[in-house]
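Q: I've just opened this one and would like to go through it with you. Can we start with how the inside is packed and then move on to the backbone?

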Amino acid sequence: MRTRIFLAFALVAKAANAFGHGDEPHPAEKSHDHSKVAETAFGRAADPAKAQRTIVVEMRDSFEFSPSEITVKSGEIVRFVAVNTGEHAHEMVLGTMKDLEEHEETMKEHPGMHHDEPHMAQVAPGKSGVIVWQFTNPGEFYFGCLVDDHFDNGMMGKIHVTGQPAAAGASEPMDHSHPGHAMPGEHQGSDMRAMYGGYPATRESSGTSWQPDASPHEGIHAMAGEWSTMTHGFANLIYDRQGGPRGDTKTFSTSMLMVMGQRQLGEGTLGLRGMVSADPLMGERGYPLLLQTGETANGAPLIDRQHPHDLFMELSASYSHPLTERSSVFAYAGLPGEPALGPPAFMHRFSGEDNPEAPISHHWLDSTHIAYGVVTLGYVFGDMKIESSVFRGREPDENRYNIETGRLDSASVRLSYNPTKDWALQLSRGHLKSPEESHPDVNIDRTTASAIYNRSFGAASSQTTFAWGRNAPSQGDPTNAFLLESAVRMGQTQTVFARAERADKNELFPAGDALADQTFRVGKLTLGYVYDFLRNDHFKVGVGGLVSRYSLPSALEPIYGNPTSFMLFARVKII
């Protein structure tokens, strides 16, 4: 059964990544007089010779742009190559939402009207066009196709412009930095500077962890004075039916809301992050989840149940200081926060974020993502990062509404490496002092390694994570867990996800049971689907479901049977 599970998953992942782009086109660029540049609310036309970045945008007959979200810096000159991959005419028009809506009304009143402005590219089937544009003001702007009813059918995209307003009349971004040093708050030649170093902000995930630079990014971006802010979150309403004699049924909700901000302070970047959840409302015992273990409720270990997250998932501050163009040092502190141990937490990595259930390997990989007291120091050099944390090792108690305190009695170290924009690798080691309330005299040495791969093909994006974790307790034998998960988002409406796990479980039976403390190697395969039927500029609403099957040793079959579990859910998500 275990072999069949992993073989099935491997075939799904391989099929999802079996497509790619052909050669990029090299279209001729439109000629405009840049000596007389007209200012608009969203920027101005720019000289193609001064373009700092080229972004290829595909236009599809399914009323989609790919990519549909783009982040640029204020003052950056971008060369958009609009490629029509369909069989019908399309166009790419930049503007504010009001501009696009007014333009659409004009087109309806004058069908077939020809227009040729610097912020527009009309493209015949199989052809491509170019827009060269400098965005001069921070904020959110849009691009759309105003041909026929394409805009009404949702053919539009969003452009996030970060940073400070560009100087009036400037033909290219001003550079006030010292030679060989990136400006604090920026990343030369790419997107905005991230919180901890001079690399794209899309690289940063939960805590101080890294994901691939090319990972899809969702959230509401805004400027508040000198602060650049981002808001992200979700809420799921779930019907859960876990099968077999040990299964249970429950309807509940999971949620998360994160607000983060950053600004220049001196020569570095100050960052603040807050994350909360309404999970405590589901009750102390959380929700049914076969083979899950970890934490307690009402003084007893949770078995075959997933604990709720705390109200406060993260309250943290950080400061990074650039040393050279490619290196920086940073400090991070949280109460609660996430130490430098393990891959990004499961609800923050694209490969797992649309799956509403927690992995059964959670307590081998990323269970320290809520630690009440964390201090991390790190050094970034190019695409590598080394960091070390001291933190409180005890997992959150049963009171999910308070903020706990205690000695920083545990430590970890993590090495991260992003060799390309599509890969993120990490290796970490940690010593956890008395993590489980039910085993206060047991410490754990945890080792984790993970690889995350991101791939885009056409209008779809995919990500696959492989992770291994090993817990070596001060009493008892070491145990291991493996996770392989993948998600494929097709256009704006459909997501398919899968997760396969194998774990050595030694907490499936309470103290006093004949099978207590025995280790059982178990497996689980989950397949799921989400359909987002409603979306606007900042939110999407969808419905989905998942089904799980298990691989159990013969000793557990009389107790668990041959279960099949499923979840049905509705969700709203900030985009």
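Q: Which residues touch the most other members in the largest nonpolar core?
A: This is a predicted model, and in it Tyr-287 and Met-567 touch the most other members of the largest nonpolar core, which has 38 residues.

Q: And which elements give two or more residues to this core?
A: They are strand 12 (227-241), strand 13 (249-265), strand 15 (287-297), strand 18 (327-334), strand 19 (374-381) and strand 29 (564-574). The largest share, 4 residues, comes from strand 13.

Q: What is Tyr-287 in contact with, leaving aside its neighbours within four places in sequence?
A: Its contacts include Met-567, together with Phe-252, Thr-254, Met-282 and Ala-358, and among them are also Asp-240, Lys-250, Arg-305 and Glu-357.

Q: OK, and what other core lies apart from the largest one?
A: There is another core of 25 residues lying apart from it, with Phe-65, Ile-70, Val-78 and Phe-141 among its members.

Q: Back to strand 15 for a second: how many of its residues are buried?
A: Strand 15 is mostly covered, with 11 of its 11 residues buried.

Q: What does strand 15 pair with?
A: Strand 15 pairs with strand 16 (residues 300-306) in the antiparallel sense, over 5 bridges, and one of the bridge partners is Ala-300 in strand 16, which is matched with Ala-297. The hairpin of these two strands has 2 residues between them, and there Asn-298 takes a positive phi near 55°.

Q: Changing topic, how many cavities of 30 Å³ or more are there?
A: The count comes to 10 cavities of 30 Å³ or more, and the largest of them holds about 560 Å³ of space. Of the 31 residues that line the largest cavity, Glu-204, His-217, Glu-218, Met-230 and Met-260 are the closest to its centre, and strand 12 and strand 13 are the elements that give two or more residues to the lining.

Q: How do the residues of that lining divide into nonpolar, polar and charged?
A: For the largest cavity the lining divides into 9 nonpolar, 15 polar and 7 charged residues.

Q: What about the second largest cavity, what volume has it?
A: The second largest cavity has a volume of about 260 Å³, and of the 22 residues lining it, Phe-234, Asn-236, Thr-254, Met-347 and Pro-356 are the closest to its centre. Strand 12, strand 13 and strand 29 each supply at least two residues of that lining, which divides into 9 nonpolar, 8 polar and 5 charged residues.

Q: Now the open sheet of 5 strands: what order has it?
A: The order is 1-8-5-2-3, with mixed pairing. Strand 1 (44-45) and strand 3 (64-66) stand at the edges with a single partner strand each, so one side of each is left without a neighbour in the sheet. Strand 1 runs antiparallel to strand 8 (residues 128-134) and is joined to it by 2 bridges.

Q: Last topic, the backbone: where is a cis peptide bond?
A: One joins Ser-66 and Pro-67, with omega about 0°, and Pro-67 is in the loop between strand 3 and strand 4 (69-73). A cis peptide bond also joins Leu-335 and Pro-336, again with omega about 0°.

Q: And is Ser-434, with its positive phi, buried or exposed?
A: Ser-434 has a positive phi of about 45° although it is not a glycine, and at 9% relative accessibility it counts as buried. Phe-63, with a positive phi of about 65°, is partly exposed at a relative accessible area of 26%.

Technical notes: Residues numbered from 1 in each chain as written. Predicted model: local features only at pLDDT ≥ 70, side-chain atom pairs only at ≥ 80, totals over all residues. Heavy atoms only, no water. Core = buried A, V, L, I, M, F, W, Y, C linked by side-chain atoms within 4.5 Å. Buried < 20%, exposed > 50% of the residue type's maximum accessible area, 1.4 Å probe, protein only. Contact = heavy atoms within 4.5 Å. Pairing = 2+ DSSP bridges. 1 Å grid on protein atoms, 1.4 Å probe; cavity = no way out; pocket = protein on both sides within 12 Å on 5 of 7 lines; lining within 4 Å. Points joined across faces, edges and corners; volume = space filled by probe spheres on them. Nonpolar A, V, L, I, M, F, W, Y, C, P; charged D, E, K, R; others polar.
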